[in-house]
Amino acid sequence: MSNEQMDKQEEQKRIYTIGMEIQQKIDSLSQHVKKVSSDAFEIRKTFWDDVKVNMDGQDDIDETFFSIKQQAELLLERERSQNQLDRQIKTLNRLKHSPYFGRVDFKEMGESLQESIYIGITSFLDKENENFLIYDWRAPISSLYYDYPPGEARYTTPEGIIEGEMTLKRQFIIRNSELQGMFDTGVTIGDQMLQEVLGNSANTQMKSIVATIQKEQNQIIRNEKSKLLIVQGVAGSGKTSAALQRIAYLLYRYRGILSSQNIMLFSPNPLFNSYVATVLPELGEENMQQTTFQEYLNHRAGRALKLEDPFTQLEYLLNTKESCEYESRVRSIQLKSTIQFKDIIDSYLQLLSTEGFLFRDIKLRSKSLITKEQLSEKFYSFDTNISIPNRIQLLQEWIVKELKKRKKLEKRKDWVKEEIQFLEKEDYADAFKKLQGEKRFKDDTFDDFAQEEGILSEVVVSRYFKPIIKRVRAFGFIHYLGMYIQLFGEKMLDKMNVPFPESWDDIRQLSIDQLNSSEISYEDATPFVYFKDKIEGRKTHSSIRHLFIDEAQDYSPFQLAYLKQLFPNSKMTLLGDINQGIYMHSHKEDAMAVNGLEEDEKETIVLTRSYRSTRPIVEYTKTLLKDGHHIEAFNRDGEEPTLTVVKEEHLIPSIIEKVKELKRKGHETIAVICKTAAESYKVFTEISENLPIRLMEKGTVTFESGPIIIPSYLAKGIEFDAVIIYNTSAYGKDSERRLFYTACTRAMHELHLYSTE
Ligand SMILES: Nc1ncnc2c1ncn2[C@@H]1O[C@H](COP(=O)(O)OP(=O)(O)OP(=O)(O)O)[C@@H](O)[C@H]1O
């Protein structure tokens, strides 16, 4: 038997032995879970038996409350430990089938013995709880595996740097406890394992990459010191993967201090949210908070205002023929993405501090209770040294007091008496109960007409005043939109002493027209919400400690500055690729720029190797860029991309044939990528008559395997076994080159382009 075969046998033996130990651990934990869950069941069943309820005196009430609280805490504690045990068992079950993926033999400097370190998705100790049979991939020592080939190596621990020599680095593929592959890496890092992993079919859910994290990705994952970590990585270089592994790493490294509630990921669209949803749970961690920037803006703007989404803006830009209006909109989009425009808003707020603040009348039954002029007068009567949010708060308190006075006055009015006639029986009963509650009334009937009328008019008036006060508390008396529109007034910038931005007159006119329509355009959405926040003095998200922004090149400098203000206690990780910037505001020069940080607080990591696509696909897609020469392909063979030029009427039939062929070849996820949603819909109606295919739209939140049709910008961040580009001739403008590049780089194994020219 060769050495290699003997090694394999040894390793296989170890896998079985460890598998058995893991099973024993699972059994013992399962027993424990049974006990905890039956405890919890018992507590629930006898909850009220064990609580002493006595409401006679204050002391008794306090004791009752304490007793309930104690029972509830006991129950909560059991439920929590049951959840934790369940999660542990789930992870161990995964570990049992594939206990580890790597091994390094390491001899620490000054020590005589070398240790074999096996690395898996979580740690596992022997029965005595003394020796690590498996190390968590996030343990300090595990970084040896990712950072070094055999030879001199070192790793950092909280206590300092440990140096030594790595004598072996081994990678395993283990499925169902069977050793299916084993590779020793020599001086150069072997990539057999990567070949294996990347050669597989694409999935509708992103996979974890723990077994094959590359050195430069490991730097991103384990970075702890930078306040701002910028990852500029080419398409398919593992930015999103590294971000998710980084979240898992941080949760491990700061266990007990940091939880998934303290981490927030901004993703490009709702579909992407579900695409990445399984990575962390598979590693035994809870998912972070996740949202899209649009969702966040909507939440901040409030339900009353409708914001255009970025995709609608993009559709306009991609579908509209160039014209004066189009040009003005492009300039408007560009200006409103800049820090210069943020400064204009700040100057405007300063001006509003002394003049021009707009309010809305507070009305009761279509008549003004407090007019906007009265509100303005009151607002400007406060000391101008008090900040706008504080003055607004004072005004709010004043309004509420005024409304209470007005309510009393209203109660005596005739309209109230009239409305009392229309009250329901239940309203009488409620009013009576209320009186009894207040102990103003002893018998069981109304015996005093005046008292009865007083109560009932209170019922009527309250019904009107409650929503008014609620609106006041939600700042409904401030005319945000009016003020934002006013900013684009003719003489406004003169008043603020601000220099005119380029094409200001065109932008101004267009903005007023747009803002007077039913929704706020996407370019105005962030400036508007920022403006609104500044007036209300909204609270920031202080509990978020780590903010991740994927596809960060698509955020304007204004948006990034806004996010930075919103998350003041948070470290930021920005992941992006300037070549995939698809919005009009994505400028190369200031992509992913965040101001206000010292140089030593930020770090930029550049990833140039693309893992997603085969070498022929990468070699082709890099030619689409002006500066694509730095992109390196991971050496994975595959078919050359194809370009098929057909007559218009043959386009759809040819694509249908191609999809069928790709299915026959066994590809599971096949995407026909169109430029826009409008084009996708058209193609869908034509193809779906002959072939089952699904259409992905901006609201789609999940996708399944099988052929789909998708607009280019929604395919951001995700990948497919095979990609068909519907009509390459559609990407004629230079500005659409990046969109085309983004679409082509979604392909893992096959890329086919179709054109009518
Ligand atoms: N170290 C790795 N080991 C295995 N697979 C990897 C590794 N790095 C990246 N990949 C794979 O490469 C593909 C692309 O990764 P990912 O989506 O994270 O890249 P990205 O840089 O975010 O791409 P894009 O910007 O194009 O959306 C995924 O299938 C991912 O699993």
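Setting aside residues up to four places away in sequence, Met109 touches Glu163 and Gly164. This contact belongs to a predicted model. Met109 and Gly164 are 55 residues apart in sequence. In space, their C-alpha atoms are 4.5 Å apart. Met109 is found in the loop between β1 and β2. Is Met109 buried or exposed? Met109 has 10 other C-beta atoms within 10 Å. A residue counts as exposed with 12 or fewer such atoms, so Met109 is exposed.

The strands on either side of this loop form a hairpin. Between β1 and β2 there are 6 residues. Gly110, in the turn, has a positive phi of about 90 degrees. Strand β1 covers residues 102-108, and strand β2 covers residues 115-120. The two run antiparallel and are joined by 5 bridges. Phe106 stands opposite Glu115 in β2. Strand β1 also pairs with strand β6, residues 160-175. That pairing is antiparallel too and extends over 7 bridges. Here Gly102 has Gln171 of β6 as its bridge partner.

The wider chain can now be described. The chain has 757 residues, and buried residues make up 35% of them. It contains 26 helices and 23 strands. Along its principal axes, the C-alpha trace spans about 105 × 75 × 55 Å. Among contacts with a separation of 6 or more, 73% join residues 24 or more positions apart. The chain is divided into domain 1 (3-201), domain 2 (362-438 + 446-474) and domain 3 (639-756). The C-alpha centres of domain 2 and domain 3 lie 59 Å apart.

A ligand is surrounded by 24 residues. Which residues come nearest to the ligand? They are Thr212, Gly238, Lys239, Thr240 and Ser241. By class, the shell holds 12 polar, 7 nonpolar and 5 charged residues. Two helices, α4 (192-199) and α6 (239-253), each supply at least two residues of this shell. Domain 1 and domain 3 both give residues to the shell, so the ligand lies between these domains.

An open sheet of 6 strands is also present. What is the order of its strands? The order is β18-β23-β22-β19-β21-β20, and the pairing is parallel. The edges are formed by β18 (642-645) and β20 (694-695). Each edge strand pairs on one side only.

Strand β19 covers residues 669-674. On one side it pairs with strand β21, residues 706-711, in the parallel sense over 6 bridges. Ala671 stands opposite Ile708 in β21. The bridge partner of Ile670 in β21 is Pro707. Strand β19 also pairs with strand β22, residues 720-725. This pairing is likewise parallel, over 4 bridges. In β22, Ile725 is the bridge partner of Ile673.

Why is β19 described as largely enclosed by the rest of the structure? Of its 6 residues, 6 are buried, so the surrounding structure largely encloses this strand. In a regular strand, side chains alternate between the two faces of the sheet. In β19, Thr669, Ala671 and Ile673 point one way. Ile670, Val672 and Cys674 point the other way. All of these residues are buried.

Residues of β19 also appear in the account of the nonpolar cores. The largest nonpolar core has 156 residues. Val672, Ile673 and Val723 have the most contacts inside it. The largest share of this core, 8 residues, comes from α6. The helix α6 also contributes to the shell around the ligand. Leaving aside neighbours within four places in sequence, Val723 is in contact with Ala671, Ile673, Cys744, Arg746, Ala747 and Leu751. A second, separate core has 5 residues. Among them are Ile455, Leu456, Val460 and Val461.

Definitions and conventions
Residues numbered from 1 in each chain as written. Predicted model: local features only at pLDDT ≥ 70, side-chain atom pairs only at ≥ 80, totals over all residues. Near = placed C-beta within 6 Å. Nonpolar A, V, L, I, M, F, W, Y, C, P; charged D, E, K, R; others polar. Domains from an automatic or database assignment. Pairing = 2+ DSSP bridges. Core = buried A, V, L, I, M, F, W, Y, C linked by C-beta atoms within 7 Å. Buried ≥ 20, exposed ≤ 12 C-beta atoms within 10 Å, placed from the backbone. Contact = placed C-beta atoms within 7 Å.
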